[in-house]
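Trainee: Could you take me on a close look at a single part of this model, and then follow its links outward? I would like the cut-offs along the way, please.

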Amino acid sequence: MSVGRFIGGVGALLWRSSDNRYLLLQRSPHKDYAQEIWEPVTGRLEQGEGFEDALYRELQEEVGLTAQPICILGTTHFYRGKALAENELIGVVYLCHYTGDASPRLSEEHTQARWLNASEALHLLTDPTPPTLWTRRVIERAEVVLQTLPLEILLSLAQEGYELG
């Protein structure tokens, strides 16, 4: 097998501890992939950019908010459309702690934003397509993490960041 070339991506599931809600965004009908589905903040890395830098940039670009990544929920691998090398994406998905009270400022990439508890989010995410099933798994994973590890431990572990390079 040859060395691959991939699109790098990040996902940021914002969690507001004050009311135990997650931020989901509805993609614009004009997007090139997964139109009108609900998702956390997502985006692609720019050339030379690390995952954490991309995470903070995407948070600002897509919702105008700042949040603290508190754990890596997982990695992702999929094709943005047909299974062609130019569509192949490898990504890292973060759970991010949001402590503010500002409303998300949507970019042209999304039409709606909703803060939902896990039950409400899973009820909203009923479309059987891979992007929606992925978002369901992200929320289910976040619920396991938050029920298993106290916030203080997560914040302590995240203090130094995740980029090791």
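Mentor: Happily! Let us start at E88, which is found in strand β6; strands here are DSSP runs of E with at least two residues, helices are runs of H or I with at least four residues, and both are numbered from the N terminus. Keep in mind that this is a predicted model, in which local features need pLDDT of at least 70 and side-chain atom pairs count only at pLDDT 80 or more, while totals for chains, interfaces and linings use all residues. Residues are numbered from 1 along each chain as its sequence is written, and side-chain values use heavy atoms, with hydrogens and water left out.

E88 is buried, with a relative accessible area of 14%. The label "buried" means under 20% relative accessible area, "exposed" means over 50%, and "partly exposed" covers what lies in between, using a 1.4 Å probe and protein chains only. Leaving out residues up to four places away in sequence, E88 touches F6, I7, H77, F78 and Y79, where contact means heavy atoms within 4.5 Å. For a sense of distance, E88 and P29 are 59 residues apart in sequence and 22 Å apart in space, C-alpha to C-alpha.

One of those contacts, Y79, also stands opposite E88 in the strand pairing. β5 and β6 pair in the antiparallel sense over 10 bridges; two strands count as paired if DSSP finds at least two bridges between them. β6 has a parallel partner as well, since 10 bridges join it to β1. There, G9 has G91 of β6 as its bridge partner. The strand itself is mostly covered, with 10 of its 11 residues buried.

Next, the nonpolar side chains. A nonpolar core is a set of buried Ala, Val, Leu, Ile, Met, Phe, Trp, Tyr and Cys residues joined through side-chain atoms within 4.5 Å. The largest such core has 21 residues, and those with the most contacts inside it are L13, Y22, L24, L73, L95 and I139. Two or more residues come from each of β1 (7-16), β2 (21-27), β5 (68-79), β6 (88-98), α2 (118-124) and α3 (130-148). Of these, α3 gives the most, with six residues. As general background, nonpolar side chains in soluble globular proteins tend to be buried together.

L13 shows how these parts come together. Beyond its neighbours within four places in sequence, L13 is in contact with Y22, L23, L24, P40, L73, Y94, L95, C96, V138, I139 and A142. Apart from the largest core lies another, of 17 residues, including V10, L14, A54 and A67.

C96, one of the contacts of L13, brings us to the cysteines. A disulfide is a pair of cysteine sulfur atoms within 2.5 Å, and by this rule the count comes to zero. The sulfur of C96 has its closest cysteine sulfur in C71, 8.8 Å away, so the pair is too far apart for a bond. Both residues are covered: C96 is buried at 0% relative accessibility, and C71 is buried at 10%.

Now for the charged side chains. A salt bridge is a side-chain nitrogen of Lys or Arg within 4 Å of a carboxyl oxygen of Asp or Glu, and the whole structure holds nine of them. In strand β1 we find R16, whose side chain meets that of D19 in a salt bridge (2.6 Å, N to O). R16 is buried, with a relative accessible area of 15%, whereas D19 is partly exposed at 32%. Their side chains also make a polar contact at 2.6 Å, that is, a pair of N or O atoms within 3.5 Å; within protein, one must be able to donate a hydrogen and the other to accept it, and residues adjacent in sequence count only if both atoms are side-chain atoms.

D19 has a salt bridge to R21 too (3.8 Å, N to O), and R21 is partly exposed at 22% relative accessibility. Not counting residues up to four places away in sequence, R16 touches R21, Y98, G100 and W115.

Elsewhere, E58 and R57 meet in a salt bridge (3.0 Å, N to O). E58 is buried, with a relative accessible area of 5%, and R57 counts as buried at 16%. Through shared partners, salt bridges join E46, E49, R57, E58 and E61 into one network.
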